[in-house]
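Q: I'm new to this structure and would like a close look at the ligand site. Could you walk me through it, and then through what lies beyond it?

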Amino acid sequence: MNNLESILTENRVFQPNPEFAAHARIGSLDAYNALVAEAQNDYEGFWARQAREFLTWDTPFTTILDDSNAPHYRWFTDGKLNASVNCIDRHLPAKAQKVAIIAEADDGSVREITYQQLHDEVAKLANGIKSLGVTKGDRVIIYMPMIPEASIAMLACARIGAIHSVVFGGFSAEALRDRINDTGARLVITADGGMRGGRTVPLKSAVDKALEAGCASVEKVVVFERLGNAALNAGTDVAWSALIADKSTTCDPEMVEAEHPLFLLYTSGSTGKPKGVQHATGGFLVNAALTNAWVFDLNDDDVYWCTADVGWITGHSYVTYGPLALGVTQVMFEGIPSYPDGGRFWQMIERHKVSVFYTAPTAIRALMKLGDDVPAKSDLSSLRLLGTVGEPINPEAWMWYHRVIGSERCPIADTWWQTETGAHMIAPLPGAIATKPGSCTRPLPGIIADIVDDEGNPVGHNQGGNLVIKKPWPSMIRTIWGDDARFQRSYFPEKLKGYYLAGDSARRDDDGYFWIMGRIDDVLNVSGHRLGTMEIESALVAHPLVAEAAVVGKPHDIKGESIVAFVVCKGDRPEGDAADAMVKTLRDWVAEQIGPIAKPDDIRFGDNLPKTRSGKIMRRLLRGIAIGELPQGDVSTLENPAILEQLLGK
Ligand code: 6R9
């Protein structure tokens, strides 16, 4: 049974665990309903209360929502605050000795960093980058391994009002260069390398390559010595240790307006160029803190672990900012779940007594394949809540997570949200909302989600449609960096009555539960990572031997989707050994252009691509061919029907 079918036939319901509910922050359906009603009756008042309760403001706000320039909504505009103060200083001195980050390196060595140490390291680095001339509003690119210094770099930027843009360490020099140039960053913070699965990740050399290829805005590169083998370029490069050596452990925080951009984070859309999603300091932090409290029910004695990389939005809201804003202890892991063996996650949960664990369906599916006896070797009794994010979780994987990892005791929070939403939008409050395997359940209080047709009209129960959010919320995207028109076009298309268009299709069942069906645009979800088909196509056609390319997704057991590329070469269509060699060349090429995560799993060569008479590539047909099916319906609109059999390999 494939994912979609199994979700459509799923009817199991799991009531909140009464023991959990007894201690939960929101411990009953009544409590959830009361919050929903509060938001309904006084929407702005509801959000103002959350913003005051969850954050510490230097200048309190009096304006709540400013919609005068909609859809560029603005929140808490006359308030001022600093994100690093909210994540660190306000927990001091009370939590000075409390561990903020338990960092486990790829090789298993462990470092603990207290809130006081975190404060001091952030202050030193903030003073360091200030001494390099970085000031409020400047953009800083962060290209780091999953080590505490990544969060320290983010918080150091926030401390002085610089806008960070984290680039996932798995992205290539080319992708890095594009992001540097789009942001116009003055500074890059990187490391000499990282370690993943026993292998080094050459971050510094990618930065060098990007800069050689042309990044005119970059003045300095700060290099953290993770491996201790940094070769520094005179003039531009500064060793992290040297930069902070003589710096003070106090750094006056820059109090910024709530709307001051906290960060830009690039994500894939339906054109070749990734979008720089811009988030505002105040609003982002409100929802990041609130959802960690409500959905993950985080408390002072929890040990929390989110396995996401800081290069993704999940790492922003659920590694760096959210948990630290709540002052909890978290685990940060540099490596991968399969190294040195497939028991790594479970061993780490035992070792650090993790109580709240948040990961992606793709990891769950991969680990499930290894069998129940792998997790059985570890003591998982510290766990009290499990979360998932990134893609729809198939009920089989959900049940395994529930039964084998959660011992049928831990609630599962399937959290639907996006880079653009900044924080969870639809997810169960674990003490209040019954769960159904495969459903992200119901919208959080204050989030007005709905499913509508292409004109913005509500659709009936169980009918698929566009997932929209009807009212602005604090952590929403403010704009696409440098491209207001694309922001409006992508998220607030005219026909949709001013609703935020998520780009996902979904249905709602009779109980009001949401079931996400997938993207409505040309965005793939490979192992929970968003990749635009156009992005990969652009990379392929940039190769001198490629004339044309079309990329589609194909269902995959573990990755959710895998990438299939149909390629037309310049000159003759390669066959046999020549085709094999070309496949390798192109996979390496895409890894170089974007990153290894974008490598096509399957490349097929054709003399041409199936096109309409007006020249449009028929992706619908290619999706069928990718799974080995010759299209049944009408292909008479095709310019060149014979090409289908060739691409199918028949
Ligand atoms: C947080 C994150 C967003 C897209 C989103 C949707 C998919 C995320 C999901 C989910 C079903 C969930 N998605 N969580 N689909 N159930 N719980 O992943 O952000 O990288 O921007 O991706 O991921 O398709 O639109 P991002």
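A: Let's start with the record. UniProt, in an unreviewed entry, puts the annotation "binding site" on G390, E391, P392, D414, T415, W416, W417, Q418, T419, D504, R519 and R530. Keep in mind that what you're looking at is a predicted model.

Now for the ligand itself. There are 17 residues around the ligand, and the ones that come nearest are D414, T415, T419, D504 and R519. Those five names also turn up in the UniProt list.

What do the polar contacts look like? Take T419 to begin with: an N or O atom in its side chain sits 2.5 Å from an oxygen atom of the ligand. Q418 also reaches an oxygen atom of the ligand, with a polar side-chain atom 3.0 Å away. G390 does things through its backbone, where a polar atom is 3.1 Å from a nitrogen atom of the ligand. As for how wrapped up the ligand is, the protein covers 96% of the 530 Å² of accessible area that the ligand has on its own. Two elements give two or more residues to the shell around the ligand, namely α12 (313-325) and β25 (514-519). Sorted by class, that shell holds six nonpolar, six polar and five charged residues.

Let's zoom in on G390. You'll find G390 in the loop between β19 (385-388) and α16. G390 has a relative accessible area of 34%, so it counts as partly exposed. Setting aside residues up to four places away in sequence, G390 touches N525 and G528.

R519 is worth a stop too. R519 is part of strand β25, one of the elements that give two or more residues to the ligand's shell. With a relative accessible area of 24%, R519 is partly exposed. Beyond its neighbours up to four places away in sequence, R519 touches Q418, A502, G503, D504 and R530. Among these, Q418, D504 and R530 are also covered by the UniProt annotation. As for G503, its backbone oxygen lies 3.4 Å from a polar atom of R519's side chain.

From T419 you can step over to V277. V277 belongs to strand β15 (residues 275-280), and it is buried, with a relative accessible area of 0%. Not counting residues up to four places away in sequence, V277 touches F263, L264, L265, T267, T419, E420, I477 and T479. V277 and S165 are 112 residues apart in sequence, yet their C-alpha atoms are 9.6 Å apart in space.

Next to R530 in the numbering is H529, in strand β27 (residues 529-532). H529 counts as buried, because its relative accessibility is 17% and the cut-off for buried is under 20%. Leaving out residues up to four places away in sequence, H529 touches W312, L524 and I597.

UniProt also places a "binding site" feature, again from an unreviewed entry, at V541, H543 and V546. H543 is in the loop between α18 (533-541) and β28 (546-556), and it is buried at 8% relative accessible area. Its contacts, not counting residues up to four places away in sequence, are M582, T585, L586 and W589. V546 is in strand β28 and is buried too, with a relative accessible area of 2%. Leaving aside neighbours within four places in sequence, V546 is in contact with L540, V541, V567, V568, C569, K570, M582 and L586. M582 and L586 therefore appear among the contacts of H543 and of V546.

Finally, a few backbone details. Most residues other than glycine have a negative phi, and most peptide bonds are trans. S407 has a positive phi, near 50°. S407 lies in the loop between α16 (395-405) and β20 (412-414), and is partly exposed at 44% relative accessibility. K497 has a positive phi as well, about 60°. K497 is found in the loop between α17 (484-491) and β24 (500-508), and is partly exposed with a relative accessible area of 47%.

There are cis peptide bonds to spot, too. One joins A70 and P71, with omega about 5°, and P71 is in the loop between β1 (65-66) and β2 (74-75). Another cis bond runs from Y339 to P340, with omega near -5°; P340 lies in the loop between β17 (329-333) and α13 (344-352).

Conventions: Residues are numbered from 1 along each chain as its sequence is written. This is a predicted model: local features need pLDDT of at least 70, side-chain atom pairs count only at pLDDT 80 or more; totals for chains, interfaces and linings use all residues. Side-chain values use heavy atoms; hydrogens and water are left out. A residue is near a molecule or strand if one of its heavy atoms lies within 4 Å of it. A polar contact is a pair of N or O atoms within 3.5 Å; within protein, one must be able to donate a hydrogen and the other to accept it, and residues adjacent in sequence count only if both atoms are side-chain atoms. Accessible areas come from the Shrake-Rupley method with a 1.4 Å probe; for residues, only the protein chains shown count as cover. Helices (H or I, at least four residues) and strands (E, at least two) are DSSP runs, numbered from the N terminus. Ala, Val, Leu, Ile, Met, Phe, Trp, Tyr, Cys and Pro count as nonpolar, Asp, Glu, Lys and Arg as charged, and the others, Gly among them, as polar. Buried means under 20% relative accessible area, exposed over 50%, partly exposed in between (1.4 Å probe, protein chains only). UniProt positions are given in the numbering used here, feature names are shortened, and annotations may be inferred rather than shown by experiment. Contact means heavy atoms within 4.5 Å.
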